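Let's take a friendly walk through this structure together. Have the picture open beside you as you read.

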There are 2 protein chains.
Amino acid sequence: MPPTAADRATRELESRLLDGRYAAGARLPAERALADELGVSRGTLREAVQRLAARGLLASRVGSGVYVTDRLHGGLTSPWRQLLTEHPHLGKDMLEFRRVLEGEAAAFAAERATRADLTMLRGVIDRLRRARRDDDEAQEVLLDSLWHGAIATAAHNAMFGYLQANLLALHREHMAQNHAGLRFGDRAVAEALWQQHFALWEAIRARAPEQARDTMYAHIDFVRARLAPDAAGALP
Amino acid sequence: MPPTAADRATRELESRLLDGRYAAGARLPAERALADELGVSRGTLREAVQRLAARGLLASRVGSGVYVTDRLHGGLTSPWRQLLTEHPHLGKDMLEFRRVLEGEAAAFAAERATRADLTMLRGVIDRLRRARRDDDEAQEVLLDSLWHGAIATAAHNAMFGYLQANLLALHREHMAQNHAGLRFGDRAVAEALWQQHFALWEAIRARAPEQARDTMYAHIDFVRARLAPDAAGALP
DNA sequence: GCAGAAGAATTGGTCCGACCAATTTTGCCT
DNA sequence: AGGCAAAATTGGTCGGACCAATTCTTCTGC
C-alpha cells in the first residue's frame, strides 16, 4: 500500500519541523497556501495538521494561524534558556560550539547543496549586498540570520538545521538581553562581515568544503572577538 | 474558546473506545454513517479519526473500514522517539552529527583535560579493559556510554556535554527499538572497539587534539559501518 | 500628528457534493 | 458447490462555499 497524500504531507511537515525550517513558536503558512505548496487539497493538509496537533507538535488558533509548539524544541533547547541567563559564561561555550557546528555545516553545504539551495543562497547574498549598499542595518541583521539558516539547510542534515535554528535564536536572545550586539554602526565591521559572508558564498558555490569550513571558522572567530572583546582574551 | 466540532467528535470517539462500545479489533461504522450519527460532516469526522490514528488508537484501511487498534495505551513516547522511527534517515543524520560532535569533544578533551578528568578517564578505561578480559558484554555496553560521556565532560564545554548525553540516549533508544544493536557477540568487533577506545585514551593522555579527533572519527565511522552495513554504502 | 474606531482582508473551522480506487458483498453461471 | 465478474460499500482526495475569530488598513475626529 503506497503512502497516501496525507501521509506524505505529514512527513513533509515533520521534516520541516525537524530541520528547523519551522522553528519553535513560528507560524506556518496559511492552510490554503501550504496545501497548494505541498500539492494537496486543504482538507488533506488539515488532516496532516490534525495528526501533528494530536501529538502536541502543532497548535492552531482560529483567525490567526497554525503555530509550532515548543514540545519538540523544548526538549533539547529550553533548559538552556534559563541556564544561559543565570550562567553568562555559558555564552562562551555556545559560541565555541557554534563555531564547530556552523563550520561543519558550511563544509557539508559545499558538498551537498542542490541547485535549489544555491538559488536560495544566491538570493540571500544578493539581498545582503543590496542592504549593505543601502546601509540598511536592520535588514542586514535579519539577512544575517537567514544566511546562516540557509547554509544549515543546504547541509542536508536535520540535526544541523535543527540546532542551528534553535541555538541561533537562543544566542540572539541572549545578546539582546545583555545589550551586547554587534557594532554594526562601525563601518569597518559591517564591511568585514560582508566580505566574510561573500567569501563563504564563493567557497560553497565552488564546492570547496575545506575552504568553506575555514572561512566559517574565521567568521565566527571574528564575531566572537567583536562580541566580547573583554572575555575574548580570557578564553582558555 | 468553546470546543470545536472536531473536538467533540474526538471526545465522543474516545469515550466509546474507553467504555468498550468499540472493542479492540472491532470495525467502526462507516465514516458517512458515523459522521451523520455524531452530527458532524464527514470531513470533520475524518479529522477526529486522524487525531486518534496519530495516537495509535485507530487504523483505517481503504475499502474496508476503520478499526480499533489492539493496544489502547496512550503513547508515552517522546516526540523525538516517534519521529526517529518514522524518519529513518534521521538516524543517519544523527550519526553524522555525532561524528563531528564527539570528534571535536575528543580534541577539546585532549587540550583541556584536568588531572581529575584524566583520573576519571583512566578509571573508565581500566574497567573497560577488565570487562573486555572477562568478556562481560553488558558491562562493556554500559562502560561504552560512560566513556563517551567522560570525554564530553573533559572537553569542558557545557554544550558538548549536554548534547552528548541527550543524543546518545536518543540513539540507544532508537537502536534498542529497532533490534539493531552492535554485534558485541562478534569477538573481532569487540576487540576492534576496545582498540579504538584505547587509542582514544592514549591520544587524550598525550594531549594530541588532532590525533584524538581523527581517532574518534575512525571510531564513529566503524560504528556507523557496523550499525547499518546496507545503508553505509548508500551514504552520499 | 496621533490615538482610536470602522472597515477590509486573512485565517482556521465546518459543511456539502463529487469522484476515484481498493475492498467487500452479491448473485449469476458453470 | 464453486468460481468469478458485476455491483455495492468504504476510505482517500478534491474543489468550492460560508462562517466566525483575528489581524491588518484606513479613515476619522480631536
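This report looks at how the two protein chains meet, and then at each DNA strand in turn. Keep in mind that this is a predicted model.

**Where the chains meet**

Let's begin with the protein-protein interface. Here, 37 residues of chain A are in contact with 34 residues of chain B. The size of an interface is often given as the accessible area lost when the parts come together. Between chain A and chain B, about 3500 Å² is buried, and carbon and sulfur atoms give 64% of that area.

Charged and polar pairs also cross this interface. The rule finds 4 salt bridges between chain A and chain B. In a salt bridge between the two chains, the side chain of Arg46(B) meets that of Glu47(A), at 2.7 Å from N to O. There are also 14 residue pairs in polar contact across the interface. On chain A, the elements that each supply at least two residues of the side touching chain B are helix 1 (5–18), helix 3 (42–54), helix 4 (71–86), helix 5 (90–112) and helix 8 (158–177). Helix 5 of chain A gives the most, with 10 residues. Sorted by class, this side of chain A has 20 nonpolar, 6 polar and 11 charged residues.

**Around DNA strand D**

Which residues come nearest to DNA strand D? Of the 25 residues around it, these are Ala5(A), Ser41(A), Glu31(B), Arg42(B) and Arg46(B). Sugar and phosphate make up 70% of the strand D atoms that come within 4 Å of the protein. A base is reached too: a polar side-chain atom of Arg32(B) lies 2.9 Å from a base oxygen of DNA strand D. By class, the surface near DNA strand D has 7 nonpolar, 10 polar and 8 charged residues.

**Around DNA strand C**

Of the 25 residues around DNA strand C, the nearest are Arg42(A), Arg46(A), Thr4(B), Ala5(B) and Thr44(B). For this strand, 69% of the atoms within 4 Å of the protein belong to sugar or phosphate, and the rest to bases. The surface near DNA strand C has 7 nonpolar, 10 polar and 8 charged residues.

**Reaching the phosphates**

The table lists some distances to phosphate oxygens.

| Protein atom | DNA atom | Distance |
|---|---|---|
| Ser41(A), polar backbone atom | strand D, phosphate oxygen | 2.8 Å |
| Glu31(B), backbone N or O atom | strand D, phosphate oxygen | 2.8 Å |
| Arg46(A), polar side-chain atom | strand C, phosphate oxygen | 2.7 Å |
| Ser60(A), polar side-chain atom | strand C, phosphate oxygen | 3.3 Å |
| Ala6(B), polar backbone atom | strand C, phosphate oxygen | 3.3 Å |

Terms used:
Residues numbered from 1 in each chain as written. Chains lettered and ligands numbered in written order. Predicted model: local features only at pLDDT ≥ 70, side-chain atom pairs only at ≥ 80, totals over all residues. Heavy atoms only, no water. Contact = heavy atoms within 4.5 Å. Buried area = accessible area lost by both parts, 1.4 Å probe. Polar contact = N/O pair within 3.5 Å; in protein donor to acceptor, adjacent residues only side chain to side chain. Helix = DSSP H or I, 4+ residues; strand = E, 2+ residues; numbered from the N terminus. Nonpolar A, V, L, I, M, F, W, Y, C, P; charged D, E, K, R; others polar. Near = heavy atom within 4 Å.
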